[in-house]
Amino acid sequence: MALFEEEMDTSPMVSSLLSSLANYSNLTQGSKEHEEAENNEEARKKTVQAPRMGTIMGVYLPCMQNILGVILFLRMTWLVGVGGVLGTFAIVFMCCSTTMLTAISMSAIATNGVVPAGGSYYMISRSLGPEFGGAVGICFYLGTTFAGAMYILGCIEILLIYIVPPAAIFKMEGLEGSEAEAALLNNMRVYGTIVLSLMSLVVFVGVKYVNKLALVFLACVILSILAVYAGVIKTSFDPPEFPVCVLGNRTLLSKGFDICAKTIEQGNVTVTTRLWRSFCDSEFLNATCDDYFNNNNVSQIQGIPGVTSGILAENLFSMFAEKNSFIEKRGISAALDPEAPLTNANRYVLADITSFFTLLVGIYFPSVTGIMAGSNRSGDLQDAQKSIPIGTILAITTTSFIYMSSVVLFGACVDGVVLRDKFGEGVNGNLVIGTLAWPSPWVIVFGSFFSTCGAGLQSLTGAPRLLQAISRDGIIPFLRVFGHGKANGEPTWALLLTACICEIGILIASLDAVAPILSMFFLMCYMFVNLACALQTLLRTPNWRPRFKFYHWALSLLGMSLCLTLMFLCSWYYAIVAMGIAGCIYKYIEFCGAEKEWGDGIRGISLSAARYALMRLEEGPPHTKNWRPQILVLMGLDGEQNVEQPRLLSLTNQLKAGKGLTIVGACVEGTYLNNQPQAQKADQSLRKLMEIEKVKGFSQVVISSNLRDATSHLIQAGGLGGLRHNAVLVSFPKNWKQAEEHHRCRNFIEIVRETTAAQLALMVPKNISAYPSNGERFTEGYIDVWWIVHDGGMLMLLPFLLRQHKVWRKCKMRIFTVAQMDDNSIQMKKDLMTFLYHLRFDAEVEVVEMHDSDISAYTYEKTLVMEQRSKILKEMHLTKNEREREIQSITDVSRGSIRRKNPSNLHPQRSIAEESVTGSGEEKPEEESVRLSRPRQVQLIQGKNATPTPTSPTSPTAPTPAAMSPGEEVQMTWTDETEKTNNPAVANPENIKDMFNMKPEWENLNQSNVRRMHHAQKLNEVIVKKSQEAKLVLLNMPGPPRNRTGEENYMEFLEVLTEGLNRVLLVRGGGREVITIYS
């Protein structure tokens, strides 16, 4: 293995890799480890032992215990009676199908790699990403918490109604209607709070007690179910005596009579019964009685006629009822006067709530939840990838059979009036399902009581751990405090929050009202499990290789559709609230949560959607109406790879406002192998600055042997497919006249050429450090647009985009255009105003007239110095001595062309030529050797014996030392316009003529350069006059010369054009229209 020995630190041997995978231990401690940590202090120092539970103990039985619970014992018979056998069977089948499809999807996800402790939350978050994972994880947590409240309410209902009714604090004896209902709910609240406190204390003291009691509670559930089946079998040959008293077709309260008859015979004497006295004003036969009592007979029916009685046909169809309506027997006619007032309603069994099909769905669905119990214990399983699918699907199959058979058997054995009697008020207060059980109803009563207690404890144990797992992931910042707990990892703070939320459910107090709430949260969780499986299957990601093969994306989509349908069937407003909560959590995590990369399916969808969109973009360029600047920002870096001009990104943010494509590029000089660390550091600097400036886009750093090629690579290769930049933003080169900055100047000119060739727009801000930051605000001012030539309307669009940002929002827009001699300026203004009106731009319009004028001496002198400087820069590649000789010759020529006019200000100084002669024997610094002038030391003369003349506006004024930067070559400043206007030499044409006569070298200048310099100067005068106080000036940027001669002159033209302006944005269009008047 010597071939790979240098890579062993990054690429381990296969043998060591397999060894580490084989000894893998699940990440988060499960309940088993918590128990060990409590029993043994040294357990925390040991490695977590491998899980030992198999399929039956680890998955099958926990799922059975969680699925079979309070709804089966307390509401199943009522559901069958109200919804009918067919309707209830449809509800059960639909709900069980949903959980089965969800289990199939969950099995596929669970077997696609190792699932650490965390179960369903882990699976969803790693499949759908942190945003969906956090939102659904919180929903699942809330569902589990409200399930605990539902189980506690069921426990209290069994306790107060069926076991010890006298224990009620708020007595219900003698109360009727809403008063009795309020007393019951208050009892539920008081006892529910007490039981919740006790259960929370048990969980806080130690989960080991919950785990030890789990099997006892499960045994109670199984024994209760077996007792029901045994009772059903017994009814086929020996139906129990279970009479129900009916007046007409209305069921009577069993506590209102002792004998089911109006009168009885005692020794040949007819005696009225207690029932008579309930409906009449006296015990005598001639008493005045209730009309309905007089007109109908009392009959006694068998409450449990048996499975062979044929009662199933009567119970097949639904019989929904309004609240406080009578529970009536089908098939019995009653004499009823519609106009008679309703009296003695408290003597009958009444419906406590208004029932309808969707209500039944919401109440029933919690009875099929609990399918995640096995996956939640994945940290304690010996082979989770094998146990979870087998155990979960087997448990759902078993419980589905139990539920479906219960629906049919209840409808075949029990009379409808008994089934619809929710609290057993017509059968002496017995639990209805208990009346069917064998050998005794108490088996069901105590079995259901302990099963609800166990399920409540399981919920209060599992919910805090789920919240702890979400908190420790750090995706929801404000929940991080709940990730802490006791030393052994017990989630103390999470348990406290869980108990508080559970108390909300207790205060609702009605089991029928709490059940739809938790149905929403569980259905949403199951919906996203199906979505995760469908996405992974359809995207065909390489890592999607589940061991469980019996899945299909169509099944997952069907399961997701069923979940969504059931959500709105149960309660459309609860569904909207649950979705709103999940949506808020999703957006919160997206904006404030920690960035997590889990290789989730949503990222896969983003990639697929991006690929599809890119392929669509390839079909052609965007329409003019959709055009917006997609900017490539070229940033400069210093020696430490830090960004030199951060305000460039501020301007980018103000232009883009987060819309469209932004690529922030930078260049590193060198080779990729040697300079990769510098490139990474530069990329980090760019990303950090982009985050600070809130620029949404991409960073890209290119390494090349020289900066020129690197910049070219960025312009050519930036973007992907149709998503490419159409504009380049680069700052104007600073100190471009300095010799050491000459490469930046050349690079800038090449950028202008390349963007023109590539038909890209170009934006060049000058004095970028003077531009406003994103935090500044202009309360007033103007954005001035100088529209010289039309290049697609880019100049019009940019101010509009800038004014969308809060920095420039208060600024007004002004558009200036230039009229020449042959133009009608009045008509131009009208046409421009019409054009702006159709473009929907609000702007002031002004047409500036520029007439041809003679070229001033200042222009000739400026052009002369520019060409001399260009000649020097061309010779920069010569050797040092050659460079000195070249500069000496240029200086000699310049002596004859320029001279100082004011002898009174001259001091005896040596000329440059004399300095060169005296200094020829010693080596000078490079920057001294290329200078033409130094402050107050340059004597410019026309000839050897020339007499100095007074200062003219054509004379160069020596700059102050503060104004001249070190190493500055051939940089001369000239008198400003005010001096020129005050100088009689300019006002007198004869003086100008004399100056021409004194400077014959002007005749040798390139007339094209003279003309360009003249126009740049004249245009600059107008712009400065009109836009001196503008907050920003946008100006057409002239293109560089087509040949490469005179490149340095181009920079001088730009400098003259923008001189005296604070903020200038030079703009070149990309060769296509970017604005249109059409909608």
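Is Ser-1027 buried or exposed, judged by its relative accessibility? With a relative accessibility of 1%, Ser-1027 counts as buried, because buried means under 20% relative accessible area. The views below are all taken from a predicted model.

**View 1. The whole chain, as a setting for the close-ups.** The chain holds 36 helices and 15 strands, and buried residues make up 52% of its 1079 residues. Among the contacts with a separation of 6 or more, 80% are between residues that lie 24 or more positions apart.

**View 2. The surroundings of Ser-1027 in helix α35.** Helix α35 covers residues 1007–1027, and Ser-1027 is placed in this helix. Leaving aside residues up to four places away in sequence, Ser-1027 touches Asp-784, Trp-786, Arg-814 and Phe-816, and also Val-1033 and Leu-1061.

**View 3. The kinked helix α5.** Helix α5 runs over residues 76–110 and has 35 residues, yet the C-alpha atoms at its ends are only 32 Å apart, whereas a straight helix rising 1.5 Å a residue would reach 51 Å. A kink of about 115° is found in α5, and this kink is centred on Gly-84. Of the 35 residues of α5, 29 are buried, so the helix is largely enclosed by the rest of the structure.

**View 4. Helix α13, whose span agrees with expectation.** In helix α13, which comprises residues 384–413, the 30 residues should span 44 Å at 1.5 Å a residue, and the end C-alpha atoms are 42 Å apart, which agrees. Because 21 of the 30 residues of α13 are buried, this helix is largely enclosed by the rest of the structure.

**View 5. The crossing of helices α5 and α19.** Two packed helices are described by the angle between their axes and by the distance between those axes. The axes of α5 and α19 come within 9 Å and cross at roughly 140°, which makes α5 oblique to α19. The crossing of these two helices, α5 and α19, is left-handed. Where they meet, the residues of α5 include Met-94, Cys-95, Leu-101 and Thr-102, while those of α19 include Leu-555, Leu-558, Gly-559 and Leu-562.

**View 6. Leu-558 in helix α19.** Helix α19 spans residues 553–570, and Leu-558 lies in it. Leu-558 has a relative accessibility of 45% and therefore counts as partly exposed. Although Leu-558 and Thr-102 are 456 residues apart along the chain, their C-alpha atoms are separated by 9.5 Å.

How values were computed
Residues are numbered from 1 along each chain as its sequence is written. This is a predicted model: local features need pLDDT of at least 70, side-chain atom pairs count only at pLDDT 80 or more; totals for chains, interfaces and linings use all residues. Side-chain values use heavy atoms; hydrogens and water are left out. Helices (H or I, at least four residues) and strands (E, at least two) are DSSP runs, numbered from the N terminus. The expected span of a helix is 1.5 Å times one less than its number of residues. The bend at a residue is the angle between axes fitted to the seven residues ending there and the seven starting there. Buried means under 20% relative accessible area, exposed over 50%, partly exposed in between (1.4 Å probe, protein chains only). Axes are lines fitted to C-alpha atoms, for helices over the stretch in contact, and angles run from 0 to 180 degrees between N-to-C directions. Angles under 35 degrees count as roughly parallel, over 145 as roughly antiparallel, 65 to 115 as roughly perpendicular and the rest as oblique. A crossing is left-handed if the near helix is turned anticlockwise from the far one by less than a right angle, and right-handed if clockwise. Contact means heavy atoms within 4.5 Å.
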